[in-house]
Every structure is written in C-alpha cells, then in structure tokens.
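Reader: I have a structure open and I don't know where to start. Can you walk me through it?

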Amino acid sequence: MKKLTLSRKVFSYPYILFMLLFVVTPLVLILVNAFIVDGKIDFSNFVDYFGNPANMNVLTLSIEVGVITTLLCLLIGYPTAYLLSKMNAGKLLVLIFIMPMWVNFLLRTLATKTIFEALGVQLGIGTVIAGMVYNYLPMMILPLHTTISGIDKSYIEAAGDLGASPLRVFTRVVVPMSMTGIISGITMVFIPTISTFAISQLLSNSSIYLFGDSIQLKFDQGMYGVGSVMSIVMLVLVLLSNFIINKVSGRDNQNRSTLL
Amino acid sequence: MSKLKVILASVLILAFIAGMIVLGIKDPTDEYLVVYNCEEYIEPSTIDAFEEYYEEVTGSSITVRYSTYDTNETMLTKVRNGDARIDVCVGSEYAIERMLKLDLLYSIAEVETLSSHAISNSALVNPYVDGKIAELFGDVEGENMRDYFVPYMYGTLGILYNNEVVTEEDLQTGWGLMLNEGGNPLLEGMILMKDSVRDSYAAAICYAYQNDMIPGEYDGYSVGQLISCSDDALLAVAESVLNSQRPHLKGYEVDFGKDDMIASRAYVCLAWSGDAMYAIDEDPDGKLSYFVPELDGEALGNVWFDGWVIPKTADNLRGASMWVDFMCREDITMANMLSVGYTSAIDPDILRLDEDCRQMLVDYIYEYEILDEDASDEEIDEFIELFFDDTVRYPETSALLGVMQDYKNVDSAVSMWERVKAETIDLIPAILIGLGALGVVALIVCLATLPKRYRLKK
C-alpha cells in the first residue's frame with residue numbers, strides 16, 4: 001500500500017484545483033464558444049467580428065484611450081514617486097495616494113461623476129480619461145516609488161562628481177535604474193484600461209463606447225461566439241503588450257516580479 | 001509515525017467533507033421560491049406579504065429569493081442558459097415570444113395541473129390587454145401565447161420632458177423632440193436616450209414614420225410591424241436617425257434618467273410611462289410631463305405588455321403559481337401600481353370598485369399631500385376617477401401604437417446599435433500634445449529636486 005505523506009505537493013492541491021476551476025475552465029469555455037458553431041469548428045465568429053468596421057473603431061479608440069491614460073499616469077506618477085522618494089515622510093505620503101483604492105471603485109467613480117456634474121463639466125471623452133487616470137494612478141505610483149527609493153544615492157552622487165549635468169544624471173542614471181518600476185507600472189495601468197467598461201459608461205453617460213462595453217453588450221445579447229472572439233482578442237493584446245514590454249526592458253526585468 | 005500522518009490526513013479530509021455537507025445541504029423543510037424580476041418593478045412589502053400568505057394557506061413557510069435584471073436581453077440570456085433555477089420571472093411580450101419559441105416555458109395549464117393550484121386571478125386581466133395579446137400573439141408557432149403567461153404591467157414608450165424648458169413649438173415636432181428639431185438652445189446636450197437596442201430602435205422608427213422616411217416597400221406596414229422588423233433597409237433608416245440625433249444628446253441611460261430629470265440635469269428623456277409617472281410623482285416642483293407624440297390626433301409609439309412566466313427550470317411550481325395568483329390580487333396589484341408607477345394589467349373597472357384599493361388610494365392621496373386631510377368624499381371620488389381615467393396611465397387605444405414582436409435577426413440590429421454608439425474620436429493629436437507638455441513638466445520637476453551641489457558645470 002502506498003503511503004500517503006504530507007509532502008509539499010499535498011499542500012499545492014487546493015491551489016491546483018482552484019486554478020483548474022477558475023482559470024483553465026473559463027479559458028476553455030471561451031475557446032469552445034469562439035471556435036465551435038453548431039457543433040462544428042467554424043471561423044464565422046471571427047469573420048463576423050473582424051468584418052465589421054465599427055468593431056475596429058471601438059478597438060482603436062480603446063487602445064488610444066489606454067495609451068493616453070498610461071502616458072498621463074506615467075507622467076503624473078513618475079515625478080510624484082520621485083518627489084516622495086526624496087522625502088523623509090515619503091512612505092507615509094504614499095499611503096495618501098493609495099487610500100482611494102480602499103474605497104470600492106464603483107463608488108469612487110460615481111463620486112467622481114457627481115463632482116464633474118457639480119462643476120458643470122460636460123461628460124465625455126475628457127472625463128472618461130480623467131476618471132481612468134484617477135483610478136489607475138496608484139497602480140503606477142506604487143511600483144515606481146518602490147524602485148526609485150531603492151536606488152542607491154551614491155550612484156547619483158558619483159555621476160554628479162564625475163561631471164554629469166543634472167539632465168544627464170537624470171536621463172542616464174535615474175531613469176535607467178527605475179526602468180523596472182516604469183515597466184511594471186505601464187503593465188498594471190495599460191492592460192486594465194483597455195478592458196474597463198464601468199468607468200466609461202458612468203463618466204460619459206454611456207456615450208463613449210469602449211472595447212469592454214462592447215464585450216459586455218455581446219454577452220448581454222447572448223452573442224457568446226463573437227463575445228468570446230473579442231475576449232481572445234483581449235488576451236492576445238495582453239500577451240502582445242507583455243511581450244513588447246519584456247523585449248524593451250531587456251535584461252532589466254529579472255526583479256520585476258519582486259516589486260509587486 | 002507514518003500512521004499518525006495517515007490519521008491526521010484522514011481527519012482533515014473528513015472534517016473538510018463534513019464542512020461541505022453542512023454548508024451544501026440545507027434544511028429540507030426550508031422551502032424557497034426564486035423570483036426574477038426587472039429592477040424597481042415591485043412594491044418590496046408585497047414580497048413579505050406573500051411569504052405570510054403562503055404560510056397561511058399551505059401551513060408551511062417559504063422564503064422568497066428575489067433577484068433583478070436591467071434589460072430583457074439579460075433575462076433572456078439567463079433563462080436560456082438554464083443553469084440557474086428560476087421559479088417565476090417577468091418579461092416583455094417579445095421576450096416571452098422568444099422564450100416560447102425556444103420552448104423554455106411551462107404553460108399555465110401545466111403549472112396548474114402539476115401544482116394542483118389554480119391561478120384564478122388571471123381572469124381579472126384587463127380585456128384590452130387580453131385583446132391586444134390575442135390579436136398579435138394568438139398564434140406563435142401554433143400556440144396561443146396567453147396560455148403561457150399572465151400579464152403583469154403594461155404601458156407606453158414616450159417622452160418625459162421638463163415643461164419649464166420645452167416649449168409648445170418643441171412639442172409640435174413630436175418625436176423630433178428627441179432630436180431637438182425645434183432648435184431650442186436650452187435642450188442641446190440635455191437629451192437622454194435609452195441605452196437599449198429595442199427601445200431606441202422603436203423611437204427612431206417612430207420618428208421616421210412621422211416624417212415619411214420609411215422606404216416605399218414598407219407601405220401598409222403597421223407601426224408594430226415596423227418596430228418589430230429587423231430588415232437591413234429599416235435598420236439603415238434607424239441608423240441615420242440615431243446618428244443625426246447623437247450630437248444633441250447628453251448620453252444614454254437605463255436607470256439614472258429619472259433622477260437626472262428630477263434634478264434638472266437633463267430636460268428630455270425617452271421613458272417608459274411607468275418610470276415617467278414615478279418621476280412626476282417624486283418631483284416636488286411639478287415641472288415634469290410625459291407625452292406620447294401624436295400623428296393626425298392619434299398617439300404614435302410603442303405600447304408594451306410585461307407578464308409573469310414560469311420557466312422550465314422552475315422547481316417550486318406550487319410557490320410559483322401561488323405567487324402569480326397573489327400578484328394579480330386586487331390589493332397587491334394596487335400596492336405595486338402605486339409604488340412603481342406602472343399600470344397594472346388587471347382590469348381597472350375591478351380595481352375601481354374594490355374597497356381595499358379605494359382605501360389605498362386614500363392613503364396615497366394623504367401621503368403625497370394631493371388633497372388636505374379634511375377632503376370631502378366627493379373630492380376623493382373625483383381623484384380616484386381621474387386616477388383611472390388618466391391617459392398616461394391608461395393610454396387610449398390608437399391604431400398607431402405598435403407592439404414589439406421578436407426580431408428575426410437580432411445580430412444585425414445589435415451591429416447597427418454598435419455602429420451608432422461607436423463614435424470615432426481622433427485622439428492621436430491629443431496623445432502627442434499630452435506627451436510633449438507633460439514630458440517637459442515631469443523633467444523640470446525631477447531636475448528641480450536634484451540636490452544643488454551636484455549641479456556642476458562641465
């Protein structure tokens with residue numbers, strides 16, 4: 001009789017079960033819905049999706065909104081994280097930036113909507129982007145702050161002593177050394193922004209229609225096939241952006257995973 | 001030692017299994033009923049009242065598990081999947097037609113036989129409602145649809161507007177009000193459309209009908225046939241109407257329209273009559289009105305009927321049939337009607353004469369301070385007459401009020417709707433400007449924070 005031993009392997013079973021149920025099964029279902037039409041393998045869902053110019057417009061707009069949001073987050077987040085890492089109370093101040101994340105994001109977005117309306121701002125693409133930046137900014141600041149505060153000060157001092165101008169110190173020392181933070185910040189902001197739907201619906205009175213909204217409508221209308229194709233497109237986008245980011249970051253990314 | 005491990009592992013596994021059993025198996029005497037209704041479509045206290053009534057009649061207790069959906073399409077998807085138990089649910093006529101075609105429903109007769117409980121209050125339904133349903137849905141693939149559902153509420157699709165802002169000239173444009181055809185500058189960007197394919201399509205087709213934009217090949221089609229048709233030619237007409245409407249809109253909504261109208265954040269809103277009644281009741285200033293646009297003196301629009309159905313996933317048939325029966329009872333009908341604003345499908349002539357209903361109306365009058373506490377009986381009678389004669393609540397029959405039927409081609413209608421909603425905005429200049437401006441700012445901030453003593457000249 002084989003002995004049942006409480007090895008480490010035994011403790012991984014619940015985790016494996018969880019992954020099978022909630023990660024593998026949904027993926028298989030998406031593939032089945034996308035490729036199988038009336039019991040046969042069929043690409044008609046793909047033809048339906050890619051043959052419709054409106055779908056392409058939605059996808060382009062979503063990617064553009066994602067790019068703008070990520071850029072804004074980076075450009076607001078980087079100086080913020082940089083300043084915070086210079087301050088003694090930086091660790092505490094970071095908390096203030098993260099605090100909004102403790103509030104449920106739907107409530108946060110509804111509150112943002114009320115503020116925009118009270119200020120008399122016309123809801124539209126501008127408010128959608130503002131809402132997204134507000135929601136995802138902490139995701140950018142957090143990894144950036146961790147990396148920037150981890151940079152050894154003596155590198156900066158050495159660069160200065162050796163005669164580098166401040167601009168050179170910044171571009172040749174600080175930015176390259178914080179690259180890992182920038183990369184993980186971009187990943188954490190860009191990917192969720194492409195697929196959000198609640199923010200765009202609430203902050204534009206549903207007049208801005210993004211990729212996430214489109215997927216939601218497909219599943220609402222029972223069009224599982226096309227909806228699944230769109231989910232695959234989404235997955236491919238995620239993998240693609242990860243691939244590109246990894247390529248760009250090159251050797252620097254080995255500590256990436258430790259940041260989060 | 002290894003024996004100990006085996007014992008330990010078996011104890012853990014047994015404890016785990018026991019825990020699952022305790023969590024998974026409920027007390028078999030704990031009977032429940034799954035009710036799936038549209039949002040804000042019932043007076044919540046009637047649910048408790050049903051639980052009490054059920055215990056009174058049968059002697060056993062029941063718990064109602066009540067859940068809601070926002071559009072018929074969501075409900076249809078859930079019922080069609082068939083993986084969740086739903087004992088009784090509400091749907092609009094076209095959705096019921098689809099469910100019937102897909103063979104998802106029990107007939108009322110089957111339910112009555114299987115549950116040995118008769119839904120006798122179904123006989124109280126308004127003859128007008130029954131007539132319309134018999135006329136349009138009397139033969140759905142050989143079945144009479146009325147045998148499969150019990151009407152719950154009905155009403156029209158029309159326009160809720162702010163009467164302080166919308167002028168008489170604006171109203172003259174009829175459905176054109178949704179496109180601000182009167183050119184009222186106050187209405188620009190203050191119009192709300194429904195974020196729902198079917199309702200927006202119906203409104204667009206009504207506008208096209210009013211303005212003779214329907215292609216010639218559809219001459220002789222009734223309004224109902226037009227708003228139920230998903231032919232490409234008609235979809236193209238609707239698409240152009242909806243596209244030209246877009247610049248005038250504030251946005252699309254399904255749930256916040258009432259609040260925005262009351263708070264004057266919007267002045268015109270495509271609305272179902274019940275939502276409109278509710279908003280008019282709740283608005284303290286009396287600035288809201290509702291109308292169904294007319295063509296040659298006849299109301300032109302959509303009239304819809306919602307009803308209770310019992311899907312084949314139902315498990316508690318006795319509970320379901322008693323629920324439907326209970327919902328048709330005069331006092332419960334009245335309570336729901338006063339609470340949600342929609343018009344019950346129960347014959348108003350029966351409600352008018354019912355003593356309980358009269359008392360509820362009197363309470364309603366005092367609660368909303370419509371009349372003073374010392375109002376005479378004549379005044380109260382007069383109010384009750386007006387309540388039942390209100391043409392918003394009980395629309396007059398009109399040949400131009402169409403009923404929706406199931407689309408033949410849902411997918412092309414959804415694509416049309418997506419094309420309307422997917423606005424192309426060129427964001428590339430914004431990306432470049434934003435990148436440039438903020439890059440400069442970021443650089444300055446970072447440079448300024450570098451310690452001064454390192455700023456050496458080369």
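Author: We can take the contact between the chains, then one residue. This is a predicted model.

Reader: How many residues does each chain give to the contact?

Author: Chain B gives 52 residues and chain A gives 49 residues.

Reader: What area is buried between chain B and chain A?

Author: About 4500 Å², and carbon and sulfur atoms give 68% of that area.

Reader: How many salt bridges are there between chain B and chain A?

Author: The count is 2. One of them joins the side chains of Arg265(B) and Glu117(A), at 3.5 Å from N to O.

Reader: And how many residue pairs are in polar contact?

Author: There are 12 between the two chains, counting pairs with both residues at pLDDT 80 or more.

Reader: Which element of chain B gives the most to the side that touches chain A?

Author: Several elements give two or more residues to that side, including helix 1 (2–24), strand 6 (249–253) and helix 19 (428–449) of chain B. Helix 19 of chain B gives the most, with 13 residues.

Reader: What about the classes of residue on that side?

Author: The side of chain B that touches chain A has 25 nonpolar, 15 charged and 12 polar residues.

Reader: New topic. Where does Glu93(B) lie?

Author: In helix 4 of chain B, which covers residues 93–101.

Reader: Is Glu93(B) buried or exposed?

Author: Glu93(B) is buried, and yet it has no salt bridge.

Reader: Which side chain of opposite charge is nearest?

Author: Arg198(B), 6.8 Å away from Glu93(B). A salt bridge needs the nitrogen and oxygen within 4 Å.

Reader: So what does Glu93(B) touch?

Author: Leaving out residues up to four places away in sequence, its contacts include Phe137(B), Met145(B), Trp304(B) and Asp306(B).

Notes. Residues are numbered from 1 along each chain as its sequence is written. Chains are lettered from A and ligands numbered from 1 in the order in which they are written. This is a predicted model: local features need pLDDT of at least 70, side-chain atom pairs count only at pLDDT 80 or more; totals for chains, interfaces and linings use all residues. Side-chain values use heavy atoms; hydrogens and water are left out. Contact means heavy atoms within 4.5 Å. Buried area is the accessible area (1.4 Å probe) that two parts lose on being put together, summed over both. A polar contact is a pair of N or O atoms within 3.5 Å; within protein, one must be able to donate a hydrogen and the other to accept it, and residues adjacent in sequence count only if both atoms are side-chain atoms. Helices (H or I, at least four residues) and strands (E, at least two) are DSSP runs, numbered from the N terminus. Ala, Val, Leu, Ile, Met, Phe, Trp, Tyr, Cys and Pro count as nonpolar, Asp, Glu, Lys and Arg as charged, and the others, Gly among them, as polar. Buried means under 20% relative accessible area, exposed over 50%, partly exposed in between (1.4 Å probe, protein chains only). Lys and Arg count as positive and Asp and Glu as negative; His and the chain ends are not counted.
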